[in-house]
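Biologist: Could you take one part of this protein and walk me through it closely? I'd like to see how the strands, helices and rings there fit together, and then how that part connects to its surroundings.

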Amino acid sequence: MAIPAPAGAREGSGPAGRPVPELTPELVADWRARGGELVDLLALVRERTGGVGAFRPGPGAAPTVLVTDPDAVRHVLAHHPDRYVKRSHRARVLVGDGVLSATGDAWQRQRRLLQSQFTGRGMRRYEARITAAARVTAARWEAYARTGEVFDLGDEMRRFALDTIWRALTGRPLDPDTERELGAVAGVVAALPSLPADKVAAEAAVAADIARIDAVAERAVRAARDDADPADPGLLHILVEASATRPEYTDRLIRDELVTLLMAGHETTATTLTWLYLLLDRHPEARERALAAGPDGSPERREAVQALVHETLRLYPSAWILPRHATEADTLAGHALPAGTDLLVCPYLVHRDPALWPSPETFDPARFTTPGRRPAHPGAHLPFGLGPRACLGLQFALRESVTLLEHLLPGPVPRLLARPERTVYGLTVRPDGPTPAVLAGGRAA
């Protein structure tokens, strides 16, 4: 089966090309009967149809097109973002009209304001705050090593990442009360894939957690307004200042941007760091190689530590699936694509394509330090997306991950007491279950 091209299509006036190959309904029905994960269905689509293929998510549903071919990925995300748009976002119940879910002119205005904060000079403003949060975590781990206390790796990574983004937003370290209340963010994120489709019902299902988050946001915004001339302004002060000249920055939109940055700024980083430590538990030699690459603070060690992060993001990308909607007819990788088609770009499967990444299931950080090991195609590696809607916090997330690892890797080594048995493919790809650990002796930096 295939998505047919519209009759009379020609180059320049509509899609010209062969039909998009489609997975048979029998295979979809078999996947559904087995209770498979969405990622299993998508892997089957790619296996049977190639880098651009279609499936029908339900009986009578219109075809959805899966995109994993790197040229097609760039076409959709980088070359024609106005042709392939985001219609909504699963996290809207949490982030409202923040930059993650905004579209059109509103998104462009919001993105423009925040962009400078996450590149170049803007990033340098936050380096001291990132380092301070890493030192707090390192001190806590030293205490765990002395006492032999059991701790949860995932909780530790969330605690660090939340402290880091809170410092970046407010200029202040995360206090215990705020940390406890913002635990509701993780609860809402975990609930998002199973929320009712009806907007009112979805909001009702997470109303208590949203109320807790809103209370924290209201206090933070009020404090930023009261501190009209901070010595070291945070991101929240930038948003509050914008409200003086930009009427669209109401208290509600400032709240939405604050919650967006809290969610995106800690949930994905915490998940990446948790995966990294799970991988290092199975591959302790990777830690040793990173530490042996050069002395503490050297460019060689930093490059090796960055490679640990990049390889973890290859296996478990922050944005594992990127929905898009075709606003007009197009030709995609030689396939005719009618207007109104829904698409799923899947970085998770792109990163596990053996044609692009030999032995793709193997954790091999040397892919990112050895010349010629990483695919040259820019559409082959997109853990934060591509194009104008790529993650704003890319540099921030990489910087905080590497900074924490530079503080923790030379010290005591976590020994996992249990490993999660399942992987959850929700808003992020995350391990499902606790990650209890104790610290064994490390070696000097």
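Modeller: What follows is a walk through the three-stranded sheet and the helices and rings around it, with a look at the other sheet at the end. Keep in mind that this is a predicted model.

Let's start with the sheet itself. It is open, has three strands in the order β6-β14-β11, and its pairing is antiparallel. The edge strands are β6 (151–152) and β11 (413–416), each pairing on one side only. Between β6 and β14 (residues 436–440) there are two bridges, and these two strands run antiparallel. If you want a spot to click on, go to Phe151, which stands opposite Ala437 in β14. Packed on this sheet is helix α7 (residues 127–147), which touches β6, β11 and β14. The direction of α7 makes about 80 degrees with that of β14.

Now the rings. Across the whole structure, a search turns up 10 aromatic pairs. One of them is edge-to-face: Phe118 with Phe396, at 6.1 Å centre to centre and 80 degrees between the planes. Phe118 sits in the loop between α5 (104–115) and α6 (120–124), while Phe396 belongs to helix α17 (residues 394–408), so this pair ties together parts that are 278 residues apart in sequence. Phe118 and Phe396 are both buried. Phe151, the residue we just met in the sheet, has a ring partner too. Its ring centre is 4.6 Å from that of Tyr144 and the planes are at 10 degrees, so Tyr144 and Phe151 count as stacked. Both Tyr144 and Phe151 are buried. Zoom out a little and you find a cluster in which ring pairs link Trp141, Tyr144, Phe151 and Tyr277.

Tyr277 is a handy bridge to the next piece, a pair of packed helices. Helix α8 (residues 153–170) packs against helix α13 (residues 251–282) at an angle of about 145 degrees, with the axes 8 Å apart. Their crossing is right-handed. On the α8 side, the contact residues include Leu153, Gly154, Met157, Phe160, Ala161, Ile165 and Trp166. On the α13 side, they include Leu258, Leu261, Gly265, His266, Thr269, Leu273 and Tyr277. So that tyrosine turns up both in the ring cluster and in the helix contact.

Stay on α8 for a moment and look at Ala168, which is in that helix. Ala168 counts as buried, at 0% relative accessibility. Ala168 and Tyr126 are 42 residues apart in sequence, yet 6.1 Å apart in space, C-alpha to C-alpha. Leaving out residues up to four places away in sequence, Ala168 touches Tyr126, Arg129, Gly234, Leu235 and Phe396. Phe396 should ring a bell: it is the partner of Phe118 in the edge-to-face pair.

Another buried residue worth a stop is Ser318, in the loop between α15 (299–315) and β7. Ser318 has a relative accessible area of 12%, and buried here means under 20%, so Ser318 falls in that class. Not counting residues up to four places away in sequence, Ser318 touches Thr268, Thr272, Leu313, Pro383, Phe384, Leu427 and Thr428.

That loop leads on to β7, and so we come to the other sheet. This one is open as well, with five strands in the order β3-β4-β10-β7-β5 and mixed pairing. At its edges stand β3 (52–55) and β5 (84–85), each with a single partner strand, so one side of each has no neighbour in the sheet. Strands β4 (residues 64–67) and β10 (residues 342–345) run parallel and are joined by four bridges, with Val67 opposite Val345. β7 (residues 322–326) pairs with β10 in the antiparallel sense, over four bridges, and here Pro323 stands opposite Leu344. β5 and β7 run antiparallel, joined by two bridges, with Val85 opposite His325.

Helix α3 lies across β3, β4, β5, β7 and β10, running at about 115 degrees to β10. His75 is found in α3 (residues 70–79) and is buried, with a relative accessible area of 17%. Outside the residues up to four places away in sequence, His75 touches His80, Arg83, Tyr84, Asp330, Thr331 and Leu332.

Key:
Residues are numbered from 1 along each chain as its sequence is written. This is a predicted model: local features need pLDDT of at least 70, side-chain atom pairs count only at pLDDT 80 or more; totals for chains, interfaces and linings use all residues. Side-chain values use heavy atoms; hydrogens and water are left out. Two strands pair if DSSP finds at least two bridges between them. Contact means heavy atoms within 4.5 Å. Axes are lines fitted to C-alpha atoms, for helices over the stretch in contact, and angles run from 0 to 180 degrees between N-to-C directions. Rings of Phe, Tyr and Trp (its six-membered ring) pair if their centres lie within 6.5 Å; planes under 30 degrees apart count as stacked, over 60 as edge-to-face and the rest as tilted. Buried means under 20% relative accessible area, exposed over 50%, partly exposed in between (1.4 Å probe, protein chains only). A crossing is left-handed if the near helix is turned anticlockwise from the far one by less than a right angle, and right-handed if clockwise.
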